Amino acid sequence: MSSEVKESITIHKGLDSIRVNESSICLIDGERSRLYYRGYSIADLTDNASYEEVAYLLIIGQLPTQLQLDELKNTLFSEYTLSPITMTLLKSYPSTSHPMDVLRTTISSLALEDGGLTQDKSVNLQRAIRILAKAPVIIAAFERIRQGKEPLTPKKELGHAANFLYMIHGEIPSNYDSRIMDIALSLHAEHEMNASTFSGIVTASTLSDMYSIITAGIATLRGSLHGGANEEALKMIMEIGTPENAVTFVEERLKQKKRIMGFGHRIYKTYDPRYTILKAIAEKLGGVKGKASLYDTAVRVEREALGRLSDSKIFPNVDFYSGLVFHMLGLRTDLFTPIFASSRIAGWAAHVLEYLEDNRLIRPKAVYTGKVDLQYTPIEQRT
Ligand SMILES: CC(C)(COP(=O)(O)OP(=O)(O)OC[C@H]1O[C@@H](n2cnc3c(N)ncnc32)[C@H](O)[C@@H]1OP(=O)(O)O)[C@@H](O)C(=O)NCCC(=O)NCCS
């Protein structure tokens, strides 16, 4: 390739600002701290709707009627059951496995009993709801198995969020804890064309199947620059330990050119609206659960980091307080990203189903910088 041609090409490293499709699912206004699912503000939804309603809204495109919501809840309930193959698999994993690896592997394995490529929209939708239902059951079952306990089956009278807490802890959660879990799930359910959603769309664009699509999303969410940041943020706050240690920690970390986890975002150049909701929850929950000092440490870290980063438009994101909230609900740190994934299945499915309405294989190009026409050397002559 001539250098002339090369010079006229713009490389979009990280695909910043590249639009890959039109979508009516989610709007992020990163300058004004706003987030909408299908036109509804995230604050309105988390004030009023359950996760099941939010999932329905995202996947189907409108808020459900009572009848539609009841139907979805019934379908979810019937899909909560794990097959003997899935249970055998879960019991065979090393107890040291990261639950995110467990979730990725097990969701992929669901295709073994329901496999096959199809472009039937209703099958794709059915599979999406099946995966959405089974994901939290898989996470909770593994959590109990690795502690040497028997997995629990969901209870019909509990909602999706409450059932998850019940299956983890073995006790019916309070309405307060259930509602917080519900809100946390809704806050994580969707976030426009992020890395994991794009990954799902790339997989879908080859006309792959829903299990592969969601597995790709989970795999992409796994990393610490995406879903894994909530785990890292809580570890960081716990390592700091007390509010007094925050200044030195933040100073040292930034001096070493390391990142403050739970800060910064490709789109938000101000506060992430999900952060605002989670911070308020963390404050109240900290008091209720006797963890106010952890909250105070987080607030101090936030203040110190903001003082140094806000001029560069680096603000706290959803992950800064979400880990704290999950921790206060008694959930172990390595469950945070799988919980995020289980809720995001709604968003991934919504985007994929929308994209498949007008599919185009995603096939970008690279600028080749290697050599050409090299002479093959037999192996014995290579030095
Ligand atoms: C999310 C993230 C990858 C988005 O960043 P981005 O828009 O791609 O920005 P870049 O990675 O190009 O960083 C731009 C600059 O901001 C700095 N920066 C970004 N996030 C930072 C953070 N959390 N702490 C300290 N500095 C940060 C970078 O060091 C870089 O500085 P430089 O230009 O001096 O090298 C980044 O903010 C990050 O790594 N955050 C921590 C992980 C996290 O919380 N992820 C969850 C996202 S919801």
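**Exercise 1. Find which atom of the ligand lies 2.8 Å from a backbone N or O atom of Ile-260, and then describe the shell around the ligand.**

Solution. In this predicted model, the partner of the backbone N or O atom of Ile-260 is a nitrogen atom of the ligand, at a distance of 2.8 Å. The next step is to look at Gly-262, where a polar backbone atom is 2.9 Å from an oxygen atom of the ligand. A third step leads to Phe-263, which has a polar backbone atom 2.8 Å from a nitrogen atom of the ligand. On its own the ligand has 860 Å² of accessible area, and the protein covers 66% of that area.

With these contacts in place, the shell can be described as a whole. There are 17 residues around the ligand, and those that come nearest are Arg-259, Ile-260, Gly-262, Phe-263 and Arg-266. Sorted by character, the residues of the shell comprise eight nonpolar, six polar and three charged ones. Both domain 1 (15-226 + 334-356) and domain 2 (229-328) contribute at least three residues each to this shell.

**Exercise 2. Decide what kind of aromatic pair Tyr-93 and Phe-142 form, and state where the two residues lie in the chain.**

Solution. The structure holds nine aromatic pairs. For the rings of Tyr-93 and Phe-142, the centres are 6.5 Å apart and the planes meet at 65 degrees, so the pair is edge-to-face. The pair links distant parts of the chain, since Tyr-93 belongs to the loop between helix H5 (84-92) and helix H6 (99-109), while Phe-142 belongs to helix H8 (residues 121-145), 49 residues apart. The last step concerns accessibility: Tyr-93 is buried, with a relative accessible area of 16%, and Phe-142 is also buried, with a value of 1%.

Ring pairs also link a cluster made up of Phe-263, Tyr-271, Tyr-275, Tyr-295, Phe-315, Phe-320 and Tyr-321. One of its members, Phe-263, is among the residues that come nearest to the ligand.

**Exercise 3. Determine whether Arg-146 is buried or exposed, and name the residue whose side chain shares a polar contact of 2.8 Å with that of Arg-146.**

Solution. Arg-146 sits in the loop between H8 and helix H9 (160-169). Its relative accessibility is 15%, and because buried means under 20%, Arg-146 counts as buried. The partner in the polar contact of 2.8 Å is the side chain of Asp-334.

**Exercise 4. Work out how far helix H3 (residues 51-60) is enclosed by the rest of the structure, and examine the residue just after H3.**

Solution. Eight of the 10 residues of H3 are buried, so the helix is largely enclosed by the rest of the structure. Among these buried residues are Tyr-51, Glu-52, Tyr-56 and Ile-59. Just after H3 comes Gly-61, with a positive phi of about 110 degrees.

**Exercise 5. Compare the backbone at Ser-33 with that at Glu-192, and add the location and accessibility of each residue.**

Solution. As background, most residues other than glycine have a negative phi. Ser-33 has a positive phi, near 60 degrees, and lies in the loop between strand E1 (26-29) and strand E2 (34-37). Glu-192 likewise has a positive phi, near 55 degrees, and lies in the loop between helix H10 (175-188) and helix H11 (195-205). In the final step, Ser-33 proves to be partly exposed, with a relative accessible area of 24%, and Glu-192 is partly exposed as well, with 25%.

Technical notes: Residues numbered from 1 in each chain as written. Predicted model: local features only at pLDDT ≥ 70, side-chain atom pairs only at ≥ 80, totals over all residues. Heavy atoms only, no water. Near = heavy atom within 4 Å. Polar contact = N/O pair within 3.5 Å; in protein donor to acceptor, adjacent residues only side chain to side chain. Areas by Shrake-Rupley, 256 points an atom, 1.4 Å probe, with all protein chains shown as cover. Nonpolar A, V, L, I, M, F, W, Y, C, P; charged D, E, K, R; others polar. Domains from an automatic or database assignment. Phe/Tyr/Trp six-rings, centres within 6.5 Å; stacked < 30°, edge-to-face > 60°. Helix = DSSP H or I, 4+ residues; strand = E, 2+ residues; numbered from the N terminus. Buried < 20%, exposed > 50% of the residue type's maximum accessible area, 1.4 Å probe, protein only.
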